[in-house]
Amino acid sequence: MIVLAVLRYAQRLTDMAGGNDVSESTVRRWRDELIGLLAAQAPRLDRALKKLAKQGGEVVLIDGTLIRTQRCTGKADRRNYSGKHRRHGLYLLALTDENGRLIWISAARSGRTHDNTAARRDRILAHLRAAGLGALAGLGFRGLDNDILDPVIVTGYTASRIHKLTPGQKDANRVLAIGRAPVEHGFAHLKNWRILTKLRTEPARATRLLRALLVLTNLEVNR
């Protein structure tokens, strides 16, 4: 309960230690041990997709988000600046089912990472094809799947200066937006853990924490 309070409400270690008659180092050790144990239980991408397909799922939702971090000084932190969100943070790619339940999250990457770059590094398209699943994604993922005859990833249409969207394309975009809306609920559940408001920019530590929170979030949602 002590560690859960630290994760959920971002309680200071010193406050939790003093209120429970233990040392701050003990609370820190408990926190780190629990995060490590939970992170090890986070699903692998291939297994998560195969499990969803076995349960009768047909489509996943793909999106990326920025987890805000405490800004550091110096040039080294520039890679964590996201021009899209206009703030510093770490990029996270996630997959949810059609209801917005998180089924997998990627490793934390620098905030300037592009959606397609992250998806290609994680071989999202190949894993989807292997599991026999389709996916709905935002326009940031355009170009990830160039198979015209049998596309796996649907991203909608974009207009240009020369070619405006037809009424049919606008309708398709609206339907796609409605279908993708639940993915934001998945991110909202994850970001409810206030420990993320104190996240620093070490990707490895952030990845362990985020995957631990994924496990806790799914336990909470499935109660």
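1. Two strands count as paired here if DSSP finds at least two bridges between them. Keep that in mind for β2 (residues 81–82), which pairs with β3 in the antiparallel sense over 2 bridges. One thing to bear in mind throughout: this is a predicted model.

2. Staying with β2 and β3, S82 stands opposite R87 of β3. The hairpin these strands form has 4 residues between them, and R86 takes a positive phi there, near 55°. Have a look at that turn in the viewer.

3. β3 itself (residues 87–96) is mostly covered, with 9 of its 10 residues buried. Strand β1 (residues 59–68) runs antiparallel to β3, and the pairing extends over 8 bridges. If you want a landmark for it, T65 has L92 in β3 as its bridge partner.

4. Two further strands also pair with β3. With β4 (residues 102–105) there are 3 bridges, again antiparallel, and T96 is matched with L102 of β4. The β3–β4 hairpin has 5 residues between the strands, and G100 takes a positive phi near 90° in it. With β5 (residues 109–110) there are 2 bridges, also antiparallel; here Y91 finds its bridge partner in R109.

5. Now the helices. α3 covers residues 24–40, so to speak a 17-residue helix, and spans 25 Å from first C-alpha to last, close to the 24 Å expected at 1.5 Å a residue. Its buried residues are T26, V27, R31, I35, L38 and A39. Why would buried positions in a helix recur at such intervals? An α-helix has 3.6 residues a turn, so residues three or four places apart point the same way. The cover over the buried residues of α3 includes α1 (2–9), α2 (13–19) and α9 (203–221).

6. Which residues have the most contacts inside the largest nonpolar core? They are L7, I195, L196, L209, L210 and L213, in a core of 36 residues. At least two residues of this core come from each of α1, α2, α3, β1, β3, β4, α8 (182–191) and α9. The top contributor is α9, with 8 residues. Leaving aside residues up to four places away in sequence, L213 touches L7, L190, W193, I195 and L196.

7. Don't overlook the other core: it lies apart from the 36-residue one and has 24 residues, including A48, L52, A137 and L144.

Notes
Residues are numbered from 1 along each chain as its sequence is written. This is a predicted model: local features need pLDDT of at least 70, side-chain atom pairs count only at pLDDT 80 or more; totals for chains, interfaces and linings use all residues. Side-chain values use heavy atoms; hydrogens and water are left out. The expected span of a helix is 1.5 Å times one less than its number of residues. Buried means under 20% relative accessible area, exposed over 50%, partly exposed in between (1.4 Å probe, protein chains only). Contact means heavy atoms within 4.5 Å. A nonpolar core is a set of buried Ala, Val, Leu, Ile, Met, Phe, Trp, Tyr and Cys residues joined through side-chain atoms within 4.5 Å.
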